[in-house]
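Please look through the structure below with some patience, following the contacts between side chains from one part of the chain to another. The paragraphs after it take up charged pairs, then aromatic rings, and finally a few places at the surface.

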Amino acid sequence: MKGKRETQNFISGAILLIMLVLASPFAARRAEATSITELQAQIKKHQEEMNKANQKAEELKDKQSLIEEMIDDLNAEIINTMTCIALKEDEIQEKENDIQGKEEQIAVKQAAVEQKESEYNLLKEQELQQQEDMQIRARRIYETGNTSFLNMVLRGIGLGSLLNRMDYVEQVYTYDRGKLSDYQETKRLTEECRNQLAAEKRQLQAEKETFEQEKASLELAKQDLDNQKAELDKALAVRKKESADFDAEIKKARQEANVAKTLIKQEEQALKNLQNQAKAGQTAAATGTYSDTGYTSIVDNATGSDLGKRVAKYALQFVGNKYVLGGSSLTGGTDCSGFTMRVYKDFGYNISRTSYTQRSDGTGVEYSQAQPGDIICYSGHVALYIGGGKIVHASNVKDGIKVSNATYREILTVRRIIK
């Protein structure tokens with residue numbers, strides 16, 4: 001199925017190319033040209049057209065590469081933001097568990113207070129009953145005490161019975177005093193327990209309210225991250241559409257270059273027949289690569305601290321390694337913010353994880369004062385400055401870690417980590 005689709009695409013492209021060639025005004029002029037001078041002029045013109053089309057395609061490709069870099073940066077930022085959201089959700093769940101635990105403790109304390117209140121009320125009823133019993137006993141003793149000793153004797157109670165009755169009253173009095181003392185001690189302990197439980201309940205309630213506030217703060221932070229992700233998703237959709245638009249424009253420019261190239265070949269063959277010698281069009285393609293020695297020289301010639309230069313030279317060791325969304329391995333693959341974070345971590349500096357938050361790390365300086373090791377911050381992207389207007393950065397999935405001009409994008413801020 002895939003081979004069939006590729007064949008269809010090839011046929012469609014060939015038909016379009018033929019139509020462009022036939023429709024081109026240069027085709028009519030080429031047919032009319034019969035002299036070497038005319039053919040040479042047409043070849044030169046078509047070469048200019050081809051070069052212009054190729055240059056346009058390369059410029060579009062460079063712009064598309066920048067868009068792809070932005071797409072990779074946005075994907076990495078989305079992954080990092082989602083990781084931060086997951087961490088916030090875990091913290092919120094932990095706070096909810098803390099709140100639930102405090103509510104359970106409060107319920108237990110409340111039950112204890114209610115139990116003590118029940119015991120206290122029971123003792124209160126016993127106290128009232130004891131008071132009533134003691135009043136009855138006191139009244140009887142009083143009534144007995146009003147009878148004269150002589151009347152008791154006359155009624156035949158006798159001295160022994162009187163002493164026994166007095167002994168009984170003393171025992172009852174002693175028993176009541178003991179019970180009253182026990183009751184008062186129980187009442188005191190119950191009151192202390194109730195006050196202690198009430199204090200613990202207030203403390204637990206205060207802790208619960210603190211947890212509630214912390215949870216609310218975490219939820220606000222999570223909402224902010226959710227909003228950031230939504231903005232990143234929208235930006236990603238825009239960039240993907242722009243990249244797709246560049247695909248169509250690059251394809252059109254390539255087709256125009258191919259038309260010119262086809263015409264050049266035809267005209268060169270005609271010129272060859274006229275001159276009886278081969279004429280081959282030459283195309284020049286200039287490619288440039290950065291060397292480690294060149295980068296080292298740039299760093300050494302820049303103004304800045306020795307440590308900053310060591311950071312820049314260290315980062316340059318990983319040029320050519322892979323770009324991995326959400327990664328932070330200098331050898332196995334990293335994204336832009338993971339690259340800067342890991343380089344500085346290897347020097348004992350802990351900076352934040354995302355390109356958005358790294359804009360606030362360290363101290364802000366003007367780009368004109370940038371030194372090797374400074375972090376150059378763009379919209380959704382970060383890089384390490386190495387001096388000479390150059391940066392080293394995890395660019396995109398296609399290019400990996402590479403060196404670029406620092407001003408290839410609009411610079412938002414420059415952050416100096418090393419003071």
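A salt bridge is counted where a side-chain nitrogen of Lys or Arg lies within 4 Å of a carboxyl oxygen of Asp or Glu. The model shown here is a predicted one, and by this rule 9 salt bridges are found in the structure.

One of these salt bridges joins the side chains of R409 and E69, with a distance of 3.0 Å from N to O. The two partners come from distant parts of the chain, since R409 sits in the loop between β7 (400–405) and β8 (413–416), whereas E69 belongs to helix α3 (residues 36–145), and 340 residues separate them. Both R409 and E69 are buried, and here the word buried stands for a relative accessible area under 20%.

R409 has a further partner, because its side chain also meets that of D73 in a salt bridge, at 3.4 Å from N to O. D73 lies in helix α3 while R409 is in the loop between β7 and β8, so this pair ties together parts of the chain that are 336 residues apart in sequence. As with the pair before, D73 and R409 are both buried.

Another salt bridge is formed by D346 and R342, whose closest N and O atoms are 3.1 Å apart. Here the surroundings can be described through accessibility: D346, at 35% relative accessibility, counts as partly exposed, and R342, with a relative accessible area of 31%, is partly exposed as well. Returning to the buried residues, the salt bridges that share partners join E69, D73 and R409 into one network.

Aromatic rings provide another kind of contact to follow, and the structure holds 5 aromatic pairs. In one of them, the rings of Y314 and F347 have centres 5.4 Å apart and planes at 80°, so the pair is edge-to-face, a description used for planes over 60 degrees apart. Y314 is part of helix α7 (residues 306–316), and F347 is in the loop between α8 (336–345) and α9 (355–358), so the pair ties together parts that are 33 residues apart in sequence. F347 itself is partly exposed, with a relative accessible area of 24%.

A second example is the pair of Y344 and Y349, where the ring centres are 5.8 Å apart and the planes stand at 80°, so this pair is edge-to-face too. How buried or exposed are Y344 and Y349? Y344 is buried, with a relative accessible area of 0%, whereas Y349 is partly exposed, with a relative accessible area of 27%. Ring pairs also link Y314, F318 and F347 into a cluster.

Some further places deserve a look. N258 is found in helix α5 (residues 158–275), and at 37% relative accessibility N258 counts as partly exposed. Although N258 and N54 are 204 residues apart along the chain, their C-alpha atoms are separated by 9.1 Å.

On the surface, finally, I79, L325 and V397 form a nonpolar patch, and together these residues have about 220 Å² of accessible area. V397, one of the members of this patch, has its place in the loop between β6 (390–396) and β7.

Notes
Residues are numbered from 1 along each chain as its sequence is written. This is a predicted model: local features need pLDDT of at least 70, side-chain atom pairs count only at pLDDT 80 or more; totals for chains, interfaces and linings use all residues. Side-chain values use heavy atoms; hydrogens and water are left out. Rings of Phe, Tyr and Trp (its six-membered ring) pair if their centres lie within 6.5 Å; planes under 30 degrees apart count as stacked, over 60 as edge-to-face and the rest as tilted. Helices (H or I, at least four residues) and strands (E, at least two) are DSSP runs, numbered from the N terminus. Buried means under 20% relative accessible area, exposed over 50%, partly exposed in between (1.4 Å probe, protein chains only). Patches are made of residues with over 30% relative accessible area and no salt bridge: like charges are joined within 9 Å, nonpolar side chains (Val, Leu, Ile, Met, Phe, Trp, Tyr) within 5 Å. Accessible areas come from the Shrake-Rupley method with a 1.4 Å probe; for residues, only the protein chains shown count as cover.
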